[in-house]
Amino acid sequence: MKAYEKTVTVSDKVAVRLKKGHPLFHKDDFHLPADVREGTILRVTDSGGRFLVRGYYGKQNVGQGWVLSTNKDESIDVRFFKGKIETALNKRAGLFVNEETTAFRVLNGEGDGVGGLTIDYYEGFFLVTWYSKGMYSFRSQVLEALTACTAYKGIYEKKRFASEGQYVEDDDFVCGERGQFPLLVKENGMYFAVYLNDGPMTGIFLDQRHVRKQIRDQYAPGARMLNLFSYTGAFSVAAALGGAANTTSVDLANRSRSKTEEQFLINGIAVEDQHIVVMDAFRYLSYAEKNRLEFDLVVLDPPSFARSKKRTFSAAKDYTLLLEKALSVTAPNGIIVASTNAANVERRRFKQFVDQACTAKNCSYELLEEHRLPEDFATSPAYPQGQYLKVLIIRITGKE
Ligand code: SAH
């Protein structure tokens, strides 16, 4: 079946950007044809009518669709998706044979040539996430391509497009056998309990793999660890396995207590020795400061944006204050792992937050490590915005 295709023309400025490999269609890049639909193939030409790229229309927060091909003779069909998925699978061949790690990203949107789509691997199961109705309109082709390219136990999916990027509540099972949840996956030898059919999140954020390993191997031994915005406590598990003296996991969500207990349990860690606190992270920091609690290792990994009953947290506005409060409870020579996935906070600015907080609290520090997305979260060099993860590991070298 020939896909529904429309031709659109772009200005010289946009043409230059597309020629440089920028994969995203921005809101005002072209006039939309009147009868364009989500998933309509867009053949993009310059003002002289020359072919530039082929992509699709799909509304997301970031833009209105993605470039799929720069080859004027390539059509967007099962063969196209097979090519992308095969290449992506081959790039992760090393991870597929690594017995210590059985959960990772297989295809990362525009970084693997298909903006608006991600595919993750969880111990024999694949999780496909659609970021727009437009991408979802290719569902049957993508699934046909995926199932033809690789062996699998089962496939699950997440629809993140209720209003451009929100999760659509659904039974997420697609085909194959249904998983037994929790599914136990391994990451550098640590176990994590994963649920593929329980809302938008699975229980683990796969992009922090290297950071968890560093916490376990480099910073945990003997440490009193504080993990703020802990979710299922994945960083606490890494610390406990690395020999932390104790861990304190703080998250506002009620579900975090049982989820965190479960992660400890499956790793053979006695839950009684770990503290799990259901509380606002800022409130906990005030409490800790008042009670003169002190930690050797503090992990900060807040959401980019969160609204709770009491306050709205925005990484762009509030991260410096969060760091200042964290510094108050960090022991001399202690380590802070500061992480953000806020796309609107550039790395340089994030470093300034650290600098400003340390200056405000009269602390000196040393930057020990910097992390970005791991290699399986491939990004496009022409689209640095896709490189959203910024992690700074610092040591507090002086404190007044
Ligand atoms: N660090 C986690 C992921 C964090 S996801 C990990 O490595 O897996 C963000 C978490 O922040 C969510 O679990 C959410 O419930 C929690 N959260 C949001 N606002 C909060 C607040 N004000 N105080 C504490 N936790 C909060």
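Which backbone N or O atom lies 3.2 Å from a nitrogen atom of the ligand? Select L252: the atom belongs to the backbone of this residue. Keep in mind during the tour that the model is predicted.

**Stop 1: the ligand**

Stay with the ligand and add A281 to the selection. Here too the backbone takes part, with an N or O atom 2.8 Å from a nitrogen atom of the ligand. Next, show the side chain of D251. One of its N or O atoms is 2.7 Å from an oxygen atom of the ligand. Now switch on a surface, if your viewer has one. The ligand taken alone exposes 580 Å², and the protein buries 90% of that.

Widen the selection to the shell around the ligand, which holds 15 residues. Those that come nearest are F229, D251, D280, A281 and D301. What kinds of residue make up the shell? Ten are nonpolar, one is polar and four are charged.

**Stop 2: the five-stranded sheet**

Leave the ligand and select strands β5 to β9. They form an open sheet in the order β5-β6-β7-β8-β9, and the pairing is mixed. In general, the strands of a sheet pair through backbone hydrogen bonds, in either a parallel or an antiparallel sense. Find the two edges by selecting residues 103-108, which are β5, and 173-176, which are β9. Each of these edge strands pairs on one side only. Look along the sheet: on average, neighbouring strands are turned by 20° against each other, with direction ignored.

Zoom in on β5 and on residues 117-122, strand β6. This pair is antiparallel and has five bridges. To see one bridge partnership, select R105 and then D120, its partner in β6.

**Stop 3: the helix across the sheet**

Select residues 139-149, helix α5. Which strands does α5 lie across? They are β6, β7 (125-130), β8 (154-159) and β9. Colour β7 and compare directions: the helix runs at about 155° to this strand.

**Stop 4: two loops after β9**

Follow the chain from β9 towards β10 (183-187) and stop at P182, in the loop between these strands. Is the peptide bond joining F181 and P182 cis or trans? The bond is cis, with omega at about 5°.

Then go on to the loop between β10 and β11 (190-194), where N188 lies. Check the backbone angle phi of N188, which is near 45°. That is a positive value in a residue other than glycine.

How values were computed. Residues numbered from 1 in each chain as written. Predicted model: local features only at pLDDT ≥ 70, side-chain atom pairs only at ≥ 80, totals over all residues. Heavy atoms only, no water. Pairing = 2+ DSSP bridges. Helix = DSSP H or I, 4+ residues; strand = E, 2+ residues; numbered from the N terminus. Axes fitted to C-alpha atoms, helices over the stretch in contact; angles between N-to-C directions. Contact = heavy atoms within 4.5 Å. Near = heavy atom within 4 Å. Polar contact = N/O pair within 3.5 Å; in protein donor to acceptor, adjacent residues only side chain to side chain. Areas by Shrake-Rupley, 256 points an atom, 1.4 Å probe, with all protein chains shown as cover. Nonpolar A, V, L, I, M, F, W, Y, C, P; charged D, E, K, R; others polar.
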